[in-house]
Amino acid sequence: MAAELVEHTYLPGHEGDLAEVHSFLEAHARSRGAAVAPRYLLVDEGEGDQVELPEPMYRLLVQVAEALSAGRAVTVAPRSTVLTTQQAAEVLGVSRPTVVRLIDAGEIPAERPGTRRQVLLSDVLAYREKRRRMQYDMLEATAVDLADEGDPEEVAAQMREVRKVVAERRRSAR
């Protein structure tokens with residue numbers, strides 16, 4: 001089977017078939033708990049026609065089945081493990097000059113085998129995860145439970161203080 005390595009989006013559909021797969025996966029998770037059983041198999045009609053799935057492939061299938069059963073589309077986009085700055089920018093959702101600045105600042109490692117920079121996909125994904133964690137931490141730091149607070153003036157003063165702390169963290173991180 002030679003599948004063409006192009007980006008493809010799968011839309012929800014065939015709910016009957018998908019519901020059976022999703023319910024099997026849910027029942028399996030309930031019966032086995034959080035621990036993954038050591039073997040998952042894809043089986044064909046012929047006797048002995050089976051292949052063992054590695055755990056990451058199994059997790060991928062579970063994630064796809066859950067997304068499709070929730071009515072979401074799933075996009076599969078094969079990527080090289082070595083990216084240009086433009087490809088890295090597309091993964092991060094930023095401009096190419098921003099990626100170049102991140103490389104120059106040492107935020108993302110890169111190599112220059114010729115005249116162009118190349119970055120590893122794993123480094124780009126690690127940077128994206130680090131950036132996401134920072135954003136969530138900042139959101140958490142600015143969260144104030146208004147039900148616990150009485151005076152709006154006090155809440156506003158607390159928010160100003162939190163913003164100062166977050167700004168100081170950003171400056172010290174640079």
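**Exercise 1. Helix α2 and a surface patch**

In which helix is the place of Met57? Determine also the accessibility of Met57 and the patch to which Met57 belongs.

*Solution.* The structure is a predicted model, in which local features need pLDDT of at least 70 and side-chain atom pairs count only at pLDDT 80 or more, while totals for chains, interfaces and linings use all residues. Residues are numbered from 1 along each chain as its sequence is written, and side-chain values use heavy atoms, with hydrogens and water left out.

Step 1. Met57 has its place in helix α2, residues 55-69. Helices (H or I, at least four residues) and strands (E, at least two) are DSSP runs, numbered from the N terminus.

Step 2. The relative accessibility of Met57 is 37%, and Met57 therefore counts as partly exposed. Buried means under 20% relative accessible area, exposed means over 50%, and partly exposed lies in between (1.4 Å probe, protein chains only).

Step 3. Together with Leu60 and Leu61, Met57 forms a nonpolar patch on the surface, with about 240 Å² of accessible area in total. Patches are made of residues with over 30% relative accessible area and no salt bridge; like charges are joined within 9 Å, and nonpolar side chains (Val, Leu, Ile, Met, Phe, Trp, Tyr) within 5 Å. Accessible areas come from the Shrake-Rupley method with a 1.4 Å probe; for residues, only the protein chains shown count as cover.

Step 4. The buried residues of α2 are Tyr58, Val62, Ala65, Ala67 and Leu68. After α2 comes Gly71, with a positive phi near 85 degrees.

**Exercise 2. The geometry of helix α6**

Compare the expected span of α6 with the distance between its end C-alpha atoms, and locate its buried residues.

*Solution.*

Step 1. The expected span of a helix is 1.5 Å times one less than its number of residues. For the 22 residues of α6 (residues 152-173) this gives 32 Å, and the end C-alpha atoms are 31 Å apart, which agrees.

Step 2. Val155, Met159, Val162 and Val166 are buried in α6. Viewed down the axis of α6, the buried residues fall within an arc of 65 degrees (taken from the directions from the helix axis to the C-beta atoms), so they line one face of the helix. An α-helix has 3.6 residues a turn, so residues three or four places apart point the same way.

Step 3. The exposed residues Glu153, Lys164, Arg171 and Ser172 are carried by the face of α6 turned away from its buried side. The cover over the buried residues of α6 includes α5 (121-142).

**Exercise 3. Salt bridges**

How many salt bridges are there? Describe examples and the parts that they join.

*Solution.*

Step 1. A salt bridge is a side-chain nitrogen of Lys or Arg within 4 Å of a carboxyl oxygen of Asp or Glu. The count by this rule is 4 salt bridges.

Step 2. One of them joins the side chains of Arg117 and Asp104 (3.2 Å, N to O). Arg117 lies in the loop between α4 (96-104) and β6 (119-120), and Asp104 in helix α4, so the pair ties together parts that are 13 residues apart in sequence. Asp104 is exposed, at a relative accessible area of 55%.

Step 3. Another joins the side chains of Lys130 and Glu107 (3.4 Å, N to O). Because Lys130 lies in helix α5 and Glu107 in the loop between α4 and β6, the pair ties together parts 23 residues apart in sequence. Lys130 is partly exposed at 37% relative accessibility, and Glu107 is partly exposed at 35%.

Step 4. Arg133 forms a salt bridge with Glu129, with 3.9 Å between the closest N and O atoms. The two residues, Arg133 and Glu129, are 4 residues apart in helix α5, which means a separation of about one helical turn.

**Exercise 4. Surroundings of Thr85**

Is Thr85 buried or exposed, and which residues is Thr85 in contact with beyond its neighbours within four places in sequence?

*Solution.*

Step 1. Thr85 lies in helix α3 (residues 85-92). The relative accessible area of Thr85 is 10%, so Thr85 is buried.

Step 2. Contact means heavy atoms within 4.5 Å. Leaving aside neighbours within four places in sequence, Thr85 is in contact with Arg96, Val99, Val100, Ile103 and Arg117.

Step 3. Val94 is found in the loop between α3 and α4. With the corresponding neighbours left aside (within four places in sequence), Val94 is in contact with Ala89, Val99 and Arg131.
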